[in-house]
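Subject: Structure for your files, with notes on interfaces and voids

Hello,

Please find the structure below, with the notes I promised after it. They cover chain contacts, one pocket and two cavities.

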Amino acid sequence: MIDLIRGHYVYFFLAGLFLIGLYAIMFKGNLMKKIIGMSIMQSSVILFYVSSAYKDGGTVPVLDPRRGVENPDLYLNPLPHCLMLTAIVVAVVTLGVSFAMIIDIYRNYETIEEPLLLERLKDEA
Amino acid sequence: MREASTSPIIQVAIRGLMPVIQLVGLYVFFHGHYSPGGGFQGGVLLAVSVMLGRLALGLEMSQVVFRSGIAVGLSAVGVMIYAATGLAALLGGGEFLNYGFLPIPGLDPPALRNLGILLIEAGVTVGVMMALIAIYDEIVESRTESSVLATFE
Amino acid sequence: MIGPQICMLIPVVYLFGALLVPLIGWRRGAAGWGMALAAAAGAFFFSLGGLAGVLQRGSLSYHLGGWMPPIGIEFVMDPLSAFLEVVITGIGLLAVVYTRRSVEHEIPDRLMPFSSLALLVLTGLSGMVITGDLFNLYVFLEISALAGYALIAVGERPASYAAFRYLGMGTVGASFYLLGLAFLYMTLGTLNMADLSRMLAVTDVSATVAVGLLLLFMGAALKMALFPMHGWLPDAYTHASSAATALIAPIGTKVAGYILIRVLLYLLGAGEKGSGLPLLSLLAYLGAAAVIYGSILAVCQSELKRMLAYSSIAQVGYIAIGVGLNSALGFTGAVLHILNHACMKASLFFVSGGLRLRLGHSRIPRFTNALRRAMPWSSAAFALAALSMIGLPPTAGFFSKWYLALGAIEQSRWLFLGVLLFSSLLNAVYFFRVLERMYLDRPGIEPAERPTSVARHEAPPAMLLPAVALSSALLVIGLGNTWIVDRLIGPMIPGGM
Amino acid sequence: MKTLNRILLLALGVVLAVAVAGLPPRGDIQAPSHLAANATGAPVAGAYYIQNAYRHARTPNMVTVILADYRGFDTLGETLVVFTGAIAVLFILRRRTP
Amino acid sequence: MEESVSSALPLFAVGVSLAAVPLILWSRGRPNLREFWTLAAAFAKALIVLALLPEVLAGRTVECRLLEISPEIALHLKADPVGMVFALVSSSLWILTSFYSIGYVRGAGEKSQTRYFASFAVCLSATLGIAFSANLLTFLIFYEILSIATYPLVIHKETAEALRSGRQYLVYALSAGVVLIAAVAWTYNLSGTLDFRPGGLLADRAFEAADLRVLFLLFIAGVGVKAGIMPLQSWLPAAMVAPTPVSALLHAVAVVKSGVFGVIRVVGFVFGPSLMKTHGLDAILAAFAGATILFASLIALRQDNLKIRLAYSTIGHLSYIVLGMAMLVPEAFSGGLLHLAAHATTKIALFFCAGAIYVNLHKTEVSQLNGIGRVMPWTMSAFAVGAMGLSGLPPVNAFFSKYALCLGTVEAGRLPALAVLLMSGLLNAAYLLPIVHRAFFRHGGRELEGHGEASAWMVVPLCVAAALSLLLGFRPNALVHLFDLVLLGTRAVFPESVPFAGGGP
Amino acid sequence: MHWQIEILLLVILVVAALTALQLKNLLAAVVTLNIFSFMSAALMVSMGAIDVAFTEAVVGAGAVGIFNILAIFRTTRRTLD
């Protein structure tokens, strides 16, 4: 049990964060809050990868001439880091596009609260 | 936003900050081979410096620094630099993006790769910087109903 | 001589096209559109070449940057992806031809970004199909998704809200996908599909791997709008511009279906490993629910595009059922239906866009039989595609249903057989409703109110021809389906079936 | 509907917890993604990168090498995503000022 | 195994009317030209079918294998004796109907005539396709095409009633198609082939009895809708809103006979008599058919609308054929085939008469027909011939088919079936002959004055139909060797026995 | 690596996430989100992912921060939940 917690506590926290983000997307009425939820969810996935790259006794994946590169155990796994750079960029851009959308929504309906918005949509239809 | 900020503190702070951020951005980009950083981070920093300029100087003045219409096109150019590097490798006889085959004489494959990485990082920097600026500009310049800005006090 | 580089050329051609569009079309949108057309045509050409190459020499594999697969990214063109590439690029080409007039009419002044985004969607979709690396797939997925959100966001007034919901769901789906991929990567240590499937073959499927696969499944299902994760689709398709719908609806959800096929049948391997997990059954049951739900709701709609959107939900269900049957016949039916439905839906949406251009609306209750005289070819294309949707022989739609039915019977899955057949009746109900209005007099209208002569007012050729071409293709596909099934689909049936 | 969603969320939480508990412990150098070769004998990317990045590209920062070279197409895609974002925002918000 | 000849003729027979469709559509502005195409196609079709006849009579089948439409299943046309009977009947009657249609639509001033003729041509193609299908999938395809092509004809008037009937028709037809798809797919799964084989493609295999029974019910439900087997018949009276030529050809010959022909194929060529007997499937079929005959005749008695009365009569007579199939003896089988032809000629004559009366006098109800025999003597004489035939009176051809059917019921030892046939003969007489009586022996009202016969376009075809009925009654083998064909077909299905060993008609 | 610091950071992350979702003032919410992002960057540093951390910091503080505020400027600052 202790081993499980020691080896996995970060993962549990991050799974929790993922759920918090998902919760916000599902249940929050304000579109901005949904976007915040989205950010949280994406961050949790990013952290997930990053923590998976960790090795006990490893150092940052930049060549250290004193250590050499023969033993890969001396460096953290660089692959997840690289992947997450991409994921962060994607997250940012998604955010930018979603902002454009809520600005457009606000321009058309003068609200970004989902319940109000649905009401106005129904009135319009 | 659209108008220049009226607060002198912001004016001065941002004007002082802009070149520093730009310098850091360029450093981050060029030093990406050795330390954390690279094209994307450099691009974001450069973009942020321009955005801060926009915030401080207002829409009209900042056009002198950087005209907003050309950002998207330049962003395409940035990505194109990247893709063209890949294509050049293809024409040099290797696979797409295989920098070892870049048609530049006198360099061994590792050096070519080093150079290739620099080239594409440059592409990324330009692409990201311009794209972010474009997003900013579009958000700021898009027409709004008059009532919208009034809600923000 | 068709080398493996042809795999890489398809997305790269789209990519260059998308980049050149803003540069060329900055002042004049039409020039950008011309660039898009050229790129789409080029990609179609290359995908045909790729298909020919795959038929001649088996799977093609291209190592980007010259790195061997587990190290670098690999593009793989096997029969399945070559086939889907042709579908995507073909529909993409027709859609690009179609968009110009439609965009100029519905969302003026935005032809340039539209063309660029259209190519970006196609880049993403074609890349997803062709890549052999699961993370690279995610990147392509995001490219196509982002461009898709944007395309959906412009149209009628509620479009941006519909697109926002699409974006929310899409982001959740992508996050699920990424998280699932993290689980797989952490337990199996690789991102390459071929490598991963070899690893799965030698290791036990642990709970973590199962959950990872489940998350991939959910991510793909969200993108695919599989019931009950379809919430974003009807609004998105209804309110977006016709051109955007015509581009995204026929191929967008299918490519998500492709991910499911890849993950569930190829990665996991059909047969005993696959049947150990209940994912395939789950897929089939969700598909059945989707078929019934989508069909019933389609019957209730009065807006043509919305009806088509619900029908899309149902049709995706067919594909899900076919994949979930986990048999060669079901798989054949599913893949054939991907092609058929792409053609049918594209044709139907093309026509609905033409109606919006000429009539200014696409509300079913307001159709009159003046349509058949004003727009005879559009009406005919619509009718043919509708008959195919219902599944009447000898159109293509019949044959995918035929294979699915054979698959269901083979496994004695009577429920799915019943669902398939019942839904074609429902399809008939909602399509004949439209056809009746298009072709027949409405009783109850005084003869005096009837238009005596209706001027021919057909959609412009660029919008009409794609629809007519696709509708006629349905007949060709239907009659030539054996060739497709034997030569194209046969080689892609996963081992173990 | 809302309750159903809550139940689904909870179920997802349980599923995630189970899955997470089955992952290799964090920091374990024996985790499959950190090994030099996997069960089928194929090289594992992470270790290969560490050992070869400098040799191949004379660049000490391994992440940069992976980003730009080994997985260069990912990064091209990433840049394209950024570009997509720019075009998307342009498309959504552009209104010709009258 | 039977000999077969490869030839494209069956394909031409199917395709010739399809080829006429674009021509008809193209010449929509010129009615004369348009109808020329229809007639040309009709004659061409009949000639092609006749050209097939010698080979088939010589005991060879004429095959035309087109492209494969599903692995190992081709779009395959084959002219065998049974198919030839149906093809001959429908193609020859199309000529009559074409002439009649021209008179009818012009006389009644129908709109959308182009659509009418085009749909008609498609229907005929599909009918011939059904007749010549060599396997179940081909059959299914043409069956569905026929369903759809008939729809525009049913709703032709585009009134609210027509639309309602059209919807009803579609629901029935498409449901049937769906059920048939299931049945065909299942058959394929069970046997690995779909090729029709005399004696049954499922015959020499072992199956679960329950499976087989469900499969059979699916088939019967699939083809039974078109064949008007109760309780699936209600679309047929409703579809009588269509113009009379449509009712005449499609609802007396093409569409409903396709259903019955489907039953023949299912009984003789899919399941086969022996398999049906072992699993007791014949009893199911016979029960449905018998009930349908009685109920349809009873309901027909109460109808006042002439066309609807004829429609119920059609339902009854279709089930004669089905009942014949269910007997599983050669005599009844040939009787059924003969009745397929006999009912076609007689019923088409009756419908033509009803249409002529409508166009000429605008009368649709039986009760309005007093005395019209004096105004339209030719028409009503033809009607009398048809009515006699359907009542089972000699010397009309339907007498012989009915006789053969009765013979078959005795042979099979199913006396209830015999009783049903005889009773229904009486009922038929009871609802048809009074019309003749009314027409000739009662005095009509004043409004009949000044009216004569309908146009020759209509009267000649209906007289020809009646004459044909009589001719075939005297000489069953006249003109097209119908009787020989029937015998050939029967022998193929029942190889051991010789039908009419005790002397046929 | 110090697990105490890590747990502290993780708890801050969760708290920041929940706070950002609860705040009625959107401006405050996005600022809290910036804190969240900064803390996650710190966590990444503690796990040795300096590249990612740097990117996250640049993006979270720079681009996303500006976009967030911009979006709130263009829409509204208050929220019902």
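A pocket here is an open set of points on a 1 Å grid over the protein atoms alone, with protein on both sides within 12 Å along at least five of seven lines. Its volume is the space filled by probe spheres set on those points. Please keep in mind that this is a predicted model.

The pocket

The second largest pocket holds about 1500 Å³ of space. Its lining is made up of 38 residues, and those nearest the centre are Met26(A), Met169(C), Pro228(C), Asn5(D) and Leu8(D). Chains A, C and D each have helices that give two or more residues to this lining. From chain A these are H1 (2–27), H2 (31–52) and H4 (114–124). Chain C adds H6 (159–188), H8 (207–224) and H12 (279–299), and chain D adds H1. Of these elements, H1(D) gives the most, with eight residues. Sorted by class, the lining has 28 nonpolar residues, five polar and five charged.

Chains A and D

Which chains share the most contacts? Among the 10 pairs of chains that touch, the answer is chains A and D. In that pair, 43 residues of chain D are in contact with 48 residues of chain A. The size of an interface is often given as the accessible area lost when the parts come together. For chain D and chain A the buried area is about 4100 Å², and carbon and sulfur atoms give 75% of it. Arg26(D), His34(D) and Ile50(D) supply 18% of the area that chain D buries against chain A, more than any other three residues.

The rule finds zero salt bridges across the interface of chain D and chain A. Polar contacts are present, with a count of 12 residue pairs, both residues being at pLDDT 80 or more. On the chain D side, the elements that give two or more residues are H1 (2–21), H2 (45–57), H3 (62–70) and H4 (72–93). H1(D) gives the most to this side, with 10 residues. H1(D) is thus worth viewing in two places, as the helix that also gives the most to the lining of the second largest pocket. The residues on the chain D side divide into 26 nonpolar, nine polar and eight charged.

Chains B and C

Here 16 residues of chain B are in contact with 15 residues of chain C. The two chains bury about 1300 Å² between them, of which carbon and sulfur atoms give 82%. In chain B, the residues that lose the most area to chain C are Met80(B), Glu95(B) and Phe96(B), which together make up 39% of what that side buries.

Salt bridges across the interface of chain B and chain C number zero by the rule, and three residue pairs are in polar contact, both residues at pLDDT 80 or more. Helix H3 (residues 71–91) of chain B provides the largest share of the side that touches chain C, 10 residues. By class, that side of chain B has 11 nonpolar, three polar and two charged residues.

Pairs without contact

No contact joins chain D and chain E, and their closest C-alpha atoms lie 35 Å apart. Chain C and chain F also have no contact, with their closest C-alpha atoms 14 Å apart.

Cavities

How many cavities of 30 Å³ or more does the structure hold? There are 10.

The largest cavity has a volume of about 210 Å³. It is lined by 17 residues, with Ser39(A), Ser43(A), Leu95(A), Glu56(F) and Val64(F) nearest its centre. At least two lining residues each come from H2 and H3 (78–109) of chain A and from H2 (26–46) and H3 (50–74) of chain F. H3(F) gives the most, with five residues. The lining comprises nine nonpolar, seven polar and one charged residues.

The second largest cavity has a volume of about 160 Å³. Of its 15 lining residues, Leu125(C), Ser144(C), Tyr166(C), Lys223(C) and Gly252(C) lie nearest its centre. The elements that give two or more residues to this lining are H4 (111–130), H5 (134–153) and H10 (242–267) of chain C. By class the lining has 10 nonpolar, four polar and one charged residues.

Best wishes

Notes. Residues numbered from 1 in each chain as written. Chains lettered and ligands numbered in written order. Predicted model: local features only at pLDDT ≥ 70, side-chain atom pairs only at ≥ 80, totals over all residues. Heavy atoms only, no water. Contact = heavy atoms within 4.5 Å. Buried area = accessible area lost by both parts, 1.4 Å probe. Salt bridge = Lys/Arg side-chain N within 4 Å of Asp/Glu carboxyl O. Polar contact = N/O pair within 3.5 Å; in protein donor to acceptor, adjacent residues only side chain to side chain. Helix = DSSP H or I, 4+ residues; strand = E, 2+ residues; numbered from the N terminus. Nonpolar A, V, L, I, M, F, W, Y, C, P; charged D, E, K, R; others polar. 1 Å grid on protein atoms, 1.4 Å probe; cavity = no way out; pocket = protein on both sides within 12 Å on 5 of 7 lines; lining within 4 Å.
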